[in-house]
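Let's take a quick tour of this model, from the overall fold down to one helix. Have the viewer open and follow along.

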Amino acid sequence: MTANPVSVNSNACLISPEIGKSGLDPAHPPLKLGVLASGSGSNFEVIAQAIQNQQLNAKIPVLIYNNPEAKAAARAEKYGIPSILLNHRDCKSREELDTKIVKTFQEYDIEWVVMAGWMRIVTKVLLDAFPDRVINIHPSLLPSFPGIRAVDQALAAKVKITGCTVHIARLEVDSGPILMQAAVPVLPDDTAETLHARIQVQEHKIMLGAIALIAESNRKYCD
């Protein structure tokens with residue numbers, strides 16, 4: 001009898017590249033991250049906790065959120081991180097919102113922008129202000145299943161493997177150079193909720209891994 005390869009460990013995953021160094025080096029200043037979040041802020045908290053535990057050579061001077069109901073703001077308060085509401089409903093265009101984001105991040109001397117569950121399409125205004133320094137996380141193995149409802153797309157396509165991706169943001173949605181990915185098996189009885197929950201576990205890992213790679217690269221560049 002042949003064992004079901006995905007039933008052995010439903011939380012198993014393959015992360016590429018392998019997460020190794022944290023980029024933690026007291027001799028170098030921490031990477032200043034500006035975080036954008038629209039919802040629960042779980043990825044944001046994973047980063048904040050890693051920084052607090054001295055596992056990541058970075059700091060978050062400010063969190064920006066666009067949804068007044070976002071739980072990310074409460075998570076920021078928990079870690080003593082300033083949070084600023086920039087409600088996209090108060091802006092006449094995406095460019096106007098991004099202009100406010102850029103102004104805020106520049107005031108806090110932000111070096112890299114992290115879209116941690118940011119449910120807004122970014123424009124040239126933000127990308128030009130932080131060239132090749134805006135990262136995004138997406139719940140699929142890009143380039144497969146870009147855009148909204150990526151988990152539903154994977155289930156509808158009946159794929160056996162999906163996952164998540166951290167990448168450098170570009171104008172085209174969910175495109176740009178890939179920094180790190182994690183593959184997650186799709187189980188026969190998966191729903192969008194169960195699959196997304198397992199993907200999110202891996203999102204937290206690769207988000208930290210990607211920031212660690214950036215911090216390490218930044219350290220070598222400064223040297």
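## The big picture

This is a predicted model, and the protein in it has six helices and eight strands. Read from the N terminus, the elements go β-β-α-β-α-β-α-β-α-β-α-β-β-α.

How much of the protein is tucked away? Of its 223 residues, 47% count as buried. On the outside, the protein exposes about 11500 Å², with carbon and sulfur atoms supplying 54% of that area. As for contacts with a separation of 6 or more, 67% come from residues 24 or more positions apart.

## Zooming in on α3

Now pick out helix α3, which covers residues 94-107. With 14 residues, α3 reaches 20 Å from first C-alpha to last, close to the 20 Å expected at 1.5 Å a residue.

Just past the helix, look for D109: α3 is followed by this residue, and its phi is positive, near 60 degrees.

## Two sides of one helix

Which residues of α3 are buried? They are L97, D98, I101, V102, T104 and F105. Looking down the axis of α3, the buried residues fall within an arc of 165 degrees, so they line one face of the helix. Flip to the other side of α3 and you'll find K103, Q106 and E107 exposed.

## What the buried face packs against

The buried residues of α3 have plenty to pack against: the strands β2 (31-37), β3 (58-65), β4 (83-85) and β5 (112-115), plus the helix α4 (124-129).

Technical notes: Residues numbered from 1 in each chain as written. Predicted model: local features only at pLDDT ≥ 70, side-chain atom pairs only at ≥ 80, totals over all residues. Heavy atoms only, no water. Helix = DSSP H or I, 4+ residues; strand = E, 2+ residues; numbered from the N terminus. Expected span 1.5 Å × (residues − 1). Buried < 20%, exposed > 50% of the residue type's maximum accessible area, 1.4 Å probe, protein only. Arc of directions from axis to C-beta. Contact = heavy atoms within 4.5 Å. Areas by Shrake-Rupley, 256 points an atom, 1.4 Å probe, with all protein chains shown as cover.
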